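Dear colleague,

I am passing on a structure that you have not worked with before, and I would be glad if you read the notes below with it open beside you.

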Amino acid sequence: PGFTKALPFRHELLAMEADNNNFEKRALAAEKKVEELTAKLAALTTPSQAPETKAEESEESKLLDAPPKNTNHIPQARVWELFDKQGELTAEEKYDLVRSIGEECIQDVELKNLLAKKPNPIAYDGFEPSGRMHIAQGILKAINVNKLTRSGCTFVFWVADWFAFLNQKMGGDLKKIRTVGEYMIEVWKACGMDMTNVKFVWTSEEINAHPDQYWGRVMDIATKFKLPRIIRCSTIMGRENEAELFSSQIFYPVMQCADIFHLKADICQLGLDQRKVNMLAREYCDLVRPKLKLKPIILSHHMLMGLSQGMAKMSKSVPDSAIFMEDPADMVKKKIAKSFCPPLIVEGNPCIDYVRHIVFAKNREFVINFKEGPKAYTDIDTVVADYTSGVIHPSDLKPALTEAINAILEPIRQHFETDPHAKKLLATVKSFQTTR
């Protein structure tokens with residue numbers, strides 16, 4: 001202080017000190033203002049801490065996670081009545097016949113409208129050529145196709161050779177896959193399918209003929225769904241463990257979804273095991289721009305049980321649990337004799353399942369030879385009632401089922417024994433190792 005008082009420019013230093021004090025005050029005020037503005041900005045951009053309300057789920061999302069229920073209430077007697085009718089069916093009759101196919105239909109009202117307004121709807125199913133064909137793929141499919149074509153539909157078999165390659169069937173050998181595809185077509189032609197309105201379309205040929213349309217759709221679908229949603233569809237390929245998935249198997253559901261739109265399918269008539277990817281297609285209709293108002297109808301058929309205990313689905317990779325379309329009569333007898341068939345119990349009983357979904361869907365009666373003599377059953381309800389009461393024992397049911405299945409398969413066996421081309425195809429396919 002003494003030094004500054006002695007300086008002639010002391011007043012100038014005091015003025016500078018005052019300016020510094022004012023600057024510090026202004027800086028502190030500015031800093032405080034910045035803090036206030038930052039807090040306000042954070043309040044505008046940070047989500048509220050109040051409890052969030054869950055976004056309303058779409059109807060498609062709700063259906064995806066809901067367990068499928070058997071909503072097919074069309075009796076077999078009604079089905080026979082409609083096949084016996086001369087001439088064209090009414091819209092209501094078409095609905096009854098088509099609806100008898102599906103354990104689940106999404107949605108019933110859409111199916112009714114479609115059959116009432118469109119004379120020739122397109123229904124489709126896709127098949128991987130992956131080995132010999134069992135009766136669920138052959139007989140059950142033929143039954144369902146005949147119902148659809150009788151109702152005015154055109155049925156497209158999507159012979160999915162590229163999909164079999166993606167899923168590494170036949171070791172990824174496209175030549176083998178092609179041979180198996182030709183064998184499958186031969187089976188369908190021999191098993192009583194009405195081929196009048198049936199088309200066989202090879203995936204590879206169709207996609208190569210229209211690459212811009214197909215791959216453009218595939219890419220658009222891929223941009224609409226995140227990876228977890230696609231992985232949820234991996235069960236359609238028989239894959240449960242996502243850690244074991246190859247990159248090719250991520251493409252698969254997106255391409256299968258694109259198939260539906262590429263083929264202009266009105267009805268997806270596949271098994272219940274394909275439900276998740278069919279639902280993907282319905283979800284896509286809401287996400288694409290412009291939205292697609294007419295969504296594909298999902299008509300999911302029953303999954304025929306395997307012959308072993310606890311097998312909810314027949315599998316060709318477990319040969320003793322499946323009856324193949326050209327199995328010799330003695331092989332069918334052996335498989336059914338060893339099959340799971342608990343007395344008095346219908347639930348989870350594959351023998352009852354076959355009587356319901358194969359025998360009565362092909363024949364108007366089912367004959368059981370009791371010790372007292374033969375009895376002809378004309379409906380599954382009576383068979384079930386007699387089985388659960390003990391009137392029918394497994395030792396009665398199994399021989400009758402064997403006889404009925406062998407009678408159904410005999411024309412296919414004869415075709416593959418007498419037709420040189422079919423015989424050669426079967427021998428070649430049998431030489432291939434079936435891959436899961």
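Which elements do the buried residues of α5 pack against? Please keep in mind throughout that this is a predicted model. The buried residues of α5 pack against α4 (76–84), β1 (102–106), α6 (108–117), α7 and β6 (297–301). Helix α5 itself spans residues 91–99 and is mostly covered, since 7 of its 9 residues are buried. Those buried residues are E93, K94, Y95, D96, L97, V98 and R99.

For the wider setting, the protein has 19 helices and 8 strands, and 48% of its 436 residues count as buried. If one takes the contacts between residues at least 6 apart in sequence, 74% of them join residues at least 24 apart.

Helix α7, already named as one of the elements that the buried residues of α5 pack against, also packs with another helix. Helix α7 covers residues 136–150 and helix α16 covers residues 350–362, and the two pack at an angle of about 55 degrees with their axes 10 Å apart. An angle between 35 and 65 degrees falls in the oblique class, and α7 and α16 are therefore oblique to each other. The crossing in which α7 passes α16 is left-handed. On the α7 side the residues that take part are I139, L140 and I143, and they meet H357, I358, A361 and K362 in α16. Sorted by class, this contact of α7 with α16 has 5 nonpolar, 1 polar and 1 charged residues.

The aromatic rings deserve a separate look. The structure holds 11 aromatic pairs, and one of them is formed by W188 and F200, which are stacked at 5.9 Å centre to centre with 15 degrees between the planes. Because W188 lies in helix α9 (residues 174–190) and F200 in strand β4 (residues 198–202), the pair ties together parts that are 12 residues apart in sequence. As for their surroundings, W188 counts as buried because its relative accessibility is 1%, whereas F200, at 23%, counts as partly exposed. Both belong to a cluster in which ring pairs link F127, F155, F157, W188 and F200.

Two loop residues complete these notes. M303 is found in the loop between β6 and α15, and M303 is buried, with a relative accessible area of 18%, which is under the 20% that the term requires. M303 and D273 are 30 residues apart in sequence, yet their C-alpha atoms are 7.6 Å apart in space. Leaving aside its neighbours within four places in sequence, M303 is in contact with G271, L272, D273, A312, K313 and D353.

The other residue, I345, is found in the loop between α15 (329–338) and α16. At 43% relative accessibility, I345 counts as partly exposed. The C-alpha atoms of I345 and T388 are separated by 6.0 Å, although these residues are 43 apart along the chain.

With best wishes

Key. Residues are numbered from 1 along each chain as its sequence is written. This is a predicted model: local features need pLDDT of at least 70, side-chain atom pairs count only at pLDDT 80 or more; totals for chains, interfaces and linings use all residues. Side-chain values use heavy atoms; hydrogens and water are left out. Axes are lines fitted to C-alpha atoms, for helices over the stretch in contact, and angles run from 0 to 180 degrees between N-to-C directions. Helices (H or I, at least four residues) and strands (E, at least two) are DSSP runs, numbered from the N terminus. Angles under 35 degrees count as roughly parallel, over 145 as roughly antiparallel, 65 to 115 as roughly perpendicular and the rest as oblique. A crossing is left-handed if the near helix is turned anticlockwise from the far one by less than a right angle, and right-handed if clockwise. Contact means heavy atoms within 4.5 Å. Ala, Val, Leu, Ile, Met, Phe, Trp, Tyr, Cys and Pro count as nonpolar, Asp, Glu, Lys and Arg as charged, and the others, Gly among them, as polar. Rings of Phe, Tyr and Trp (its six-membered ring) pair if their centres lie within 6.5 Å; planes under 30 degrees apart count as stacked, over 60 as edge-to-face and the rest as tilted. Buried means under 20% relative accessible area, exposed over 50%, partly exposed in between (1.4 Å probe, protein chains only).
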